[in-house]
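Biologist: I'd like a close look at a single part of this protein, explained the way you'd do it for a first-year student. Could you pull up the structure so we can start?

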Amino acid sequence: MISHRWWAVATGLLAFIVYFFTLAPDVMFTDSGELAGACATLGVAHPTGYPLFVILGHVWTLLPLPMSIIAKLNLFAAACTAASVSVFFLFCRLILQWFATPEQKSGIQQTKGKKKTETAVQSTSTEQVSSLNDMAVNIIAASSALLFAFARTVWAQATSIEVYSLHLLLMMLTLYFCVGGILTRNTRMQFVGAFAFGLGFTNHLTTILLIIPIAVLFFYRPGERLTFSAERRKEFFVMLGILVSCAAVYGVMLLRSSGGAWFN
């Protein structure tokens, strides 16, 4: 059976191929030219400066690709958006599995004391049902991810350089790790999600829209009462510390500004 990770890669790769063949060949509208200039020279873009975007964009322009700088950066937008499609697949799959009933997973555990042949038959049957359900979840998640990938607004961000392509990726990572960590009680996932959350603020401040929903979900989890226990507060403040520490990325913008960057 194909791993769900391969489904994620295949979904993102399909989106990237389509983005590549519909890529803008040159400078597009609005802030495209300015942002490309800031990335190419490691400068400072218009407020809020978008330091993470400029740093990653600048590194991308250094890749030895046989194309112009603007074409490279348009490709960067395609890569970021395609990656967000893969993460969106994982997020959809996570939610679908969380809502699935666990009844089919208990079949093998109830066979204690029965004949080996009966246990083997029941085990095989359970595996087949589980595989079928997993396949259905993958198909639904992949379909949802591709609908997301080729929505007009998302597709537009994938074909020319703008901060929103990277932001799609950061927001998907935040949702996948924060929501996934909260629902599955996985502290490590929550901390990774906090890091992605913090990086989101160094790219675009619309990240602030996720603060209240994630905070509410953290303290008021499905199947639980509203909880402000000492352990829960400790986890929350560790996540908050990780998030705030990402503000250090703005220091690069200050250094470049004082260094006489072309775009400043």
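Biologist: Here is what I'd like to know: what covers the buried residues of α2? Please take me through that helix and its surroundings.

Modeller: Happy to. Keep in mind that this is a predicted model.

Let's set the scene. The protein has eleven helices and zero strands, so if you read along the sequence you just get α-α-α-α-α-α-α-α-α-α-α. Of its 264 residues, 42% count as buried. Contacts reach across the sequence too: take the ones with a separation of 6 or more, and 71% of them join residues 24 or more positions apart.

Now for your helix. Helix α2 covers residues 32-41, and seven of its ten residues are buried, so the rest of the structure largely encloses it. The buried ones are Ser32, Leu35, Ala36, Gly37, Ala38, Cys39 and Thr41. As for what covers them, the list includes α3 (51-61), α4 (69-99), α7 (163-184) and α11 (250-258).

Let's start with α3, where you'll find Thr61. Thr61 has a relative accessibility of 9%, and because buried means under 20%, Thr61 counts as buried. Thr61 touches Cys39 and Ala40, and also Ile69, Lys72 and Leu73, leaving aside residues up to four places away in sequence. Its side chain also reaches back to the backbone oxygen of His58, at 2.5 Å.

Next, go to the other end of the sequence. Ala261 sits in the segment after α11. Ala261 and Ala38 are 223 residues apart in sequence, yet in space their C-alpha atoms are 8.7 Å apart. Ala261 is buried as well, with a relative accessible area of 9%. If you skip residues up to four places away in sequence, Ala261 touches Leu42, Gly43 and Arg256.

That brings us to Leu42, just after α2, in the loop between α2 and α3. Here's a bit of background: most residues other than glycine have a negative phi, and most peptide bonds are trans. Leu42 has a positive phi of about 50 degrees although it is not a glycine. Further along, Pro47 and Thr48 are joined by a cis peptide bond, with omega about 15 degrees. Thr48 is in the loop between α2 and α3.

The loop on the other side of the helix, between α1 and α2, has something to show you too: that's where Thr30 lies. Phi of Thr30 is near 60 degrees, a positive value in a residue other than glycine. Thr30 counts as exposed, at 71% relative accessibility.

Leu42 also turns up around a small gap in the packing, so to speak. Rolling a probe the size of a water molecule over the atoms shows where empty space is left. A search of the whole structure finds one cavity of 30 Å³ or more, and the largest cavity has a volume of about 50 Å³. Its lining is made of Leu42, Gly43, Val44, Gly49, Pro51, Val54, Ile55, Val252, Met253 and Arg256. The elements that give two or more residues to that lining are α3 and α11, and both of these are also among the helices that cover the buried residues of α2. Remember Ala261, too: its contacts include Leu42, Gly43 and Arg256, and these three also line the cavity.

Before you go, take a quick look at the aromatic rings elsewhere in the model. The structure holds 15 aromatic pairs. In one of them, the rings of Tyr19 and Phe150 have their centres 6.1 Å apart and their planes at 70 degrees, so the pair is edge-to-face. It links distant parts of the chain, 131 residues apart: Tyr19 is in helix α1 (residues 4-21), while Phe150 is in the loop between α5 (116-149) and α6 (152-157). Tyr19 is buried, with a relative accessible area of 0%, whereas Phe150 counts as partly exposed at 28%.

There's an aromatic cluster to find as well, formed by Phe218, Phe219, Phe228, Phe236 and Phe237. Two arginines lie over the face of Phe218: Arg221 at 4.9 Å from the ring centre, and Arg232 at 5.9 Å.

Notes: Residues are numbered from 1 along each chain as its sequence is written. This is a predicted model: local features need pLDDT of at least 70, side-chain atom pairs count only at pLDDT 80 or more; totals for chains, interfaces and linings use all residues. Side-chain values use heavy atoms; hydrogens and water are left out. Buried means under 20% relative accessible area, exposed over 50%, partly exposed in between (1.4 Å probe, protein chains only). Helices (H or I, at least four residues) and strands (E, at least two) are DSSP runs, numbered from the N terminus. Contact means heavy atoms within 4.5 Å. Rings of Phe, Tyr and Trp (its six-membered ring) pair if their centres lie within 6.5 Å; planes under 30 degrees apart count as stacked, over 60 as edge-to-face and the rest as tilted. A charge sits over a ring if NZ of Lys or CZ of Arg is within 6 Å of the ring centre and within 35 degrees of the ring normal. A polar contact is a pair of N or O atoms within 3.5 Å; within protein, one must be able to donate a hydrogen and the other to accept it, and residues adjacent in sequence count only if both atoms are side-chain atoms. On a 1 Å grid over the protein atoms alone, a cavity is a set of points where a 1.4 Å probe fits but cannot get out, and a pocket is an open set with protein on both sides within 12 Å along at least five of seven lines; lining residues have an atom within 4 Å of a point. Grid points are joined across faces, edges and corners, and a volume is the space filled by probe spheres set on the points.
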